[in-house]
Amino acid sequence: METPPMISGGLPIIGHIAEMLRDRERLFKRGHAEHGDLFAMKLGPQPVLVITGAEYNRTFYLETDKSLNMQDGYSFLKEAIGEVLFTASQDDYYNQRPALQEVFKRERMVSYLKAMNIEVQRWLDSLGHSGEIDITESMLHLTQYVAGRALIGPDFEQELGAEFWDLYKDISASLDPVLPPNLPLPKFWRRDKAKKKIMTILKGLIQKRRDHPERYDDLITTLLTTPLKDGTTMPDDTIVIMFMGLIFAGHETTAGQAAWVIALLLQHPEYLGLVNAEIRDKAAYGQEIDAGVLSKFDHIFWAIDETTRLRPSADTQLRTVSSPITIGNYEIPAGWRLMVSGATSHFMPGVFSNPEAFDPLRYSPERGEGKNPFAIIGFGGGIHKCTGMNFAKNEMAIITALFLQQFDVELLSQDIHVVAGNGANHPSEVFVRYQRKPLTALTDATTIREAAAAGCPHIRQHMSAEQN
Ligand code: HEM
């Protein structure tokens, strides 16, 4: 069998590492233009096969944990977060899986949605009457609050303490897929110090729940009490690592994607009009955006899907070949790496019409594009497909709906581009000017009077912001 064609431009020793770190989207697009759906590159001595298209992506996801191994590719995460989920051994992963499924089972979504509504509204209430903000920055904080309230409960701020997210930042900033994780560098020292402190904070939370499990119904209690596959329960150290793993998997990814959803909508006023009409018709002001309301949204979810295609937070995923595998005409030997790429798969002209365009209506039933579950790789696929996908999509929908419901928003930033973050991609600054809509534009006079008389805090907040 043949060897996959190598993308041009590799340098001695480092191969394509520098270009990969500089602009991997361009590198992948170049490789695809040169060789089509299967091409190789070198990251140092390491050969990597980059694959494109639903058929090859399907093999990638369905062969994971068989001839493909997920752990080696993410080994740089082990030092930062620990061995859990896809950084743990396959045996440990399958042993821990029942706890992961329990955390994300359908019934729990009701309380997660409540947490999202509370925190998004708290953010909106803090915005005052009008002003300018960077949505990219705001989403980073908002998704922290949502994660805190959803996973720890209403006392999360007091329980995690003021320091927690700064410590998390030191861990996230240490992520480095290239350098050995134990080099004597300040960022690795800061990581180790932060890990120790986080371990102390979270172990305190675990102990409180061990002492009084009846007082809590949150992530940690779920992890404490759910039997694993082997019948045991999770030890405290693993609970801490699982918590950190979930925060890592779900925080910067959602923040980046949520910011892109707002940016892309503001850049496309025609489609924004459809979204605004949907919010006006389907989400009454003052009403919680619960599962019933969410189920009536189409345009918002299509915008989220289109954002996942055009600006994926997780634009690549990696596997190591553990036993030889045939991909197309090539037999790929053990030791090679395999990579899926949104930069190429998400822009296939035969799959997506006018693929460069932001066109969420492509997902409407009439057009039905992107139906193949392996065509868009932004949330992965197969057994390891993002467990938090519905959590993230619902969170993005609630943020978008409540923000646009209550504010007129104008985009100020001109050149918004992808920034490859440590945890996930995010947009550069997305500065917007916002102005609170008058209450009378949101609901009728009787509802306002009744809600104000009943002491509704949001109506009061809105009224006082209007007067300032
Ligand atoms: C827009 C937001 C998100 C994006 C783009 C995203 C993306 C992904 C991707 C691509 C994978 C698969 C990785 C691979 O196959 O190599 C994944 C896995 C995972 N994600 Fe997400 N994710 C998001 C939000 C979340 C949230 C909010 C949570 C939890 C609160 C979460 C928890 C997980 C977990 C636990 C896994 C591992 C699943 C397994 O190995 O079985 N994610 N995510």
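Leu11 is partly exposed in the predicted model, its relative accessible area being 47%. This residue belongs to the segment that precedes α1 (17-35). Together with Ile13 and Ile14, Leu11 makes up a nonpolar surface patch whose combined accessible area is about 310 Å².

Helix α9 comprises residues 186-211. At 1.5 Å a residue, its 26 residues should span 38 Å, and the end C-alpha atoms are indeed 38 Å apart, so the expected and computed values agree. The buried residues of α9 are Phe188, Arg191, Ala194, Ile198, Leu202, Leu205, Ile206 and Arg209. The cover over these buried positions includes contributions from α3 (75-80), α6 (135-152), α7 (156-160), α8 (164-173), α10 (219-225) and α11 (236-267). In an α-helix there are 3.6 residues a turn, so residues three or four places apart point the same way.

Helix α6, one of the elements covering α9, was examined in the same manner. For its 18 residues, a rise of 1.5 Å a residue gives an expected span of 26 Å; the end C-alpha atoms lie 25 Å apart, which agrees. Most of α6 is covered, with 14 of its 18 residues buried. At the start of the helix, the backbone nitrogen of Thr136 has a side-chain oxygen of Asp134 within 3.1 Å. After α6 comes Gly153, which has a positive phi near 110°.

Two residues of helix α4 (residues 90-103) illustrate contrasting environments. Leu100, located in this helix, has a relative accessibility of 4% and therefore counts as buried. When neighbours within four places in sequence are set aside, the contacts of Leu100 are with Leu85, Leu246 and Thr387. The C-alpha atoms of Leu100 and Leu223 are 8.1 Å apart, although 123 residues separate the two in sequence. Asp92 also lies in α4, but this residue is partly exposed, at a relative accessible area of 37%. Between Asp92 and Leu228 the C-alpha separation is 9.8 Å, for a sequence separation of 136 residues.

In helix α5 (residues 109-125), attention falls on Asn117. With a relative accessible area of 8%, Asn117 is buried. A polar atom of the Asn117 side chain lies 2.9 Å from the backbone oxygen of Leu113. Beyond residues up to four places away in sequence, Asn117 touches Glu288, Ile289, Ile398 and Leu402.

Side chains of opposite charge can pair when their charged atoms come close. Over the whole structure, 27 salt bridges were found. One of them joins Glu34 to Arg30, with 3.0 Å between the closest N and O atoms. Because Glu34 and Arg30 are 4 residues apart in helix α1, about one helical turn separates them. Both partners fall in the partly exposed class, Glu34 at a relative accessible area of 35% and Arg30 at 26%.

Other salt bridges connect separate helices. Arg122 and Glu157 pair through their side chains at an N to O distance of 3.2 Å. Since Arg122 is in helix α5 and Glu157 in helix α7, this pair ties together parts that are 35 residues apart in sequence. Arg122 is partly exposed, with a relative accessible area of 34%, and Glu157 is likewise partly exposed, at 41%.

A further salt bridge is formed by Glu159 and Lys208, whose closest N and O atoms are 2.9 Å apart. This pair links distant parts of the chain, as Glu159 belongs to helix α7 and Lys208 to helix α9, 49 residues apart. The two partners differ in accessibility: Glu159 is buried at a relative accessible area of 13%, whereas Lys208 is partly exposed at 39%. Elsewhere, salt bridges with shared partners join Glu306, Arg309, Asp359, Arg362, Arg367 and Glu369 into one network.

Note on methods
Residues are numbered from 1 along each chain as its sequence is written. This is a predicted model: local features need pLDDT of at least 70, side-chain atom pairs count only at pLDDT 80 or more; totals for chains, interfaces and linings use all residues. Side-chain values use heavy atoms; hydrogens and water are left out. Helices (H or I, at least four residues) and strands (E, at least two) are DSSP runs, numbered from the N terminus. The expected span of a helix is 1.5 Å times one less than its number of residues. Buried means under 20% relative accessible area, exposed over 50%, partly exposed in between (1.4 Å probe, protein chains only). Contact means heavy atoms within 4.5 Å. Patches are made of residues with over 30% relative accessible area and no salt bridge: like charges are joined within 9 Å, nonpolar side chains (Val, Leu, Ile, Met, Phe, Trp, Tyr) within 5 Å. Accessible areas come from the Shrake-Rupley method with a 1.4 Å probe; for residues, only the protein chains shown count as cover. A salt bridge is a side-chain nitrogen of Lys or Arg within 4 Å of a carboxyl oxygen of Asp or Glu. A polar contact is a pair of N or O atoms within 3.5 Å; within protein, one must be able to donate a hydrogen and the other to accept it, and residues adjacent in sequence count only if both atoms are side-chain atoms.
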